Amino acid sequence: MTRGKGKGAEGGKAGGTPLRELLRVGGGGRVDLGAYDSSAIPAGPTDKDAGRAATDALAGPLAGLQERLYAAGTAGDRRRLLLVLQGMDTSGKGGTVKHVTGPLNPAGCRVTAFKAPTAEEREHPFLWRVEKALPRQGEIGVFDRSHYEDVLIARVRALVAPEVVERRYEEINAFERSLAEDGVTVVKVFLHIGFGEQLQRLLRRLDRPDKRWKFDPGDIEERRMWPAYQEAYERVLERCSPAQAPWYVVPADRKWYRNWAVARLLLEHLEEMDPQYPAATFDVEACRARLIAG
């Protein structure tokens, strides 16, 4: 992955390399998030104005591919796409959902924000609530937080025994493998924000009355556990990034770049899926003649 502040091509490729190749975490090796620049511009637009324009330009192609996917689903195509967003507080999960899914047809887009498990959810295996929220055939699903909370906060806060966390890594890999076998394209994005940038965003929430509702005093304690969370994310990126469902590390200090990069990743995966409108199951010309005849 390109980790520095290099300037790439406007179209989203550097030297012809898709963005997904630049941002993908390879499975099996050690991951050090300290080596990833959270303000980097690995490829694509190089300033805010260009970034916003490039993101706007992706809206049409994304909407078109979503319509084709939804249409194919009505004809029995089981394929669907699941976008998983993870990141530290203020990394922009909600903002990304707003900007990336904004151009999409809500009828074919299912967004789920996972909070602390309810009493009912705690009575079931940790993947139970996730399975209920999966996109149906033809849909694009978006998870704002996900099943990975059960190996992140559960590890940092010691909510379960270490051996349970270890077992969950394998359960998650098996779960995502089963999704891929069932026609789900899983796109997992870690929004990588810097420690200093998080402080500025938390302070802005306190400074602005219209943003204070987003602030929780508990955020202060969570911030103090930053090193433990970084280590927990490193283990997730190492243990749960197989070929069929790899992680992508998106630099998230620049909101405009974060939005463009996630939209671009979504577009690249939909283009690879290449959904098609289903062929008509009726006589088109006969129906045309009947309509004209009244």
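This report covers the nonpolar cores, the strand E1, the salt bridges and a surface patch of a predicted model.

**Nonpolar cores**

The largest nonpolar core holds 38 residues. Phe143, Tyr148, Leu237 and Trp247 have the most contacts inside this core. Six elements each supply at least two of its residues: strand E1 (80-87), helix H6 (149-156), helix H7 (162-181), strand E4 (184-192), helix H10 (226-239) and strand E5 (247-251). H10 gives the most, with 6 residues. Apart from this core lies another, of 36 residues. Leu22, Leu58, Tyr257 and Met273 are among its members.

Leu237 shows how the larger core is put together. Setting aside neighbours within four places in sequence, Leu237 is in contact with Val25, Val31 and Leu33. Leu237 is also in contact with Phe190, Trp247 and Val249. In soluble globular proteins, nonpolar side chains tend to be buried together.

**Strand E1**

How many residues of E1 are buried? The count is 8 of the 8, so E1 is largely enclosed by the rest of the structure. Both faces are covered. On one side, Arg80, Leu82, Val84 and Gln86 are buried. On the other, Leu81, Leu83, Leu85 and Gly87 are buried.

E1 pairs with two strands named here. With E4 the pairing is parallel, over 8 bridges. Val84 has Lys188 as its bridge partner in E4. With E3 the pairing is also parallel, over 5 bridges. There, Leu85 stands opposite Asp144 of E3.

**Salt bridges**

The model has 28 salt bridges. Three of them are set out below.

| Salt bridge | Closest N to O |
|---|---|
| Asp182 and Arg78 | 2.8 Å |
| Glu139 and Arg110 | 3.6 Å |
| Glu234 and Arg235 | 3.8 Å |

Take Asp182 and Arg78, joined by a salt bridge. Asp182 sits in the loop between H7 and E4, and Arg78 in the loop between helix H2 (48-74) and E1, so the pair ties together parts 104 residues apart in sequence. Are these two residues buried or partly exposed? Asp182 has 31% relative accessibility and counts as partly exposed. Arg78 is partly exposed as well, with a relative accessible area of 41%.

Glu139 and Arg110 form a salt bridge too. This pair links distant parts of the chain, 29 residues apart. Glu139 is in the loop between helix H5 (128-132) and strand E3 (140-144). Arg110 is in strand E2 (residues 109-113). Glu139 is buried, because its relative accessible area is 10% and the cut-off for buried is under 20%.

Glu234 and Arg235 meet through their side chains in a salt bridge. Both residues are buried. Which residues belong to the network that includes this pair? Salt bridges with shared partners join Arg30, Arg155, Glu231, Glu234, Arg235 and Glu238 into one network.

**Surface patch**

Nonpolar side chains also appear on the surface. Leu199, Leu203 and Leu206 form a nonpolar patch there. Together these three leucines have about 220 Å² of accessible area. Leu206 lies in helix H8 (residues 195-207). At 39% relative accessibility, Leu206 counts as partly exposed.

Technical notes: Residues are numbered from 1 along each chain as its sequence is written. This is a predicted model: local features need pLDDT of at least 70, side-chain atom pairs count only at pLDDT 80 or more; totals for chains, interfaces and linings use all residues. Side-chain values use heavy atoms; hydrogens and water are left out. A nonpolar core is a set of buried Ala, Val, Leu, Ile, Met, Phe, Trp, Tyr and Cys residues joined through side-chain atoms within 4.5 Å. Buried means under 20% relative accessible area, exposed over 50%, partly exposed in between (1.4 Å probe, protein chains only). Helices (H or I, at least four residues) and strands (E, at least two) are DSSP runs, numbered from the N terminus. Contact means heavy atoms within 4.5 Å. A salt bridge is a side-chain nitrogen of Lys or Arg within 4 Å of a carboxyl oxygen of Asp or Glu. Two strands pair if DSSP finds at least two bridges between them. Patches are made of residues with over 30% relative accessible area and no salt bridge: like charges are joined within 9 Å, nonpolar side chains (Val, Leu, Ile, Met, Phe, Trp, Tyr) within 5 Å. Accessible areas come from the Shrake-Rupley method with a 1.4 Å probe; for residues, only the protein chains shown count as cover.
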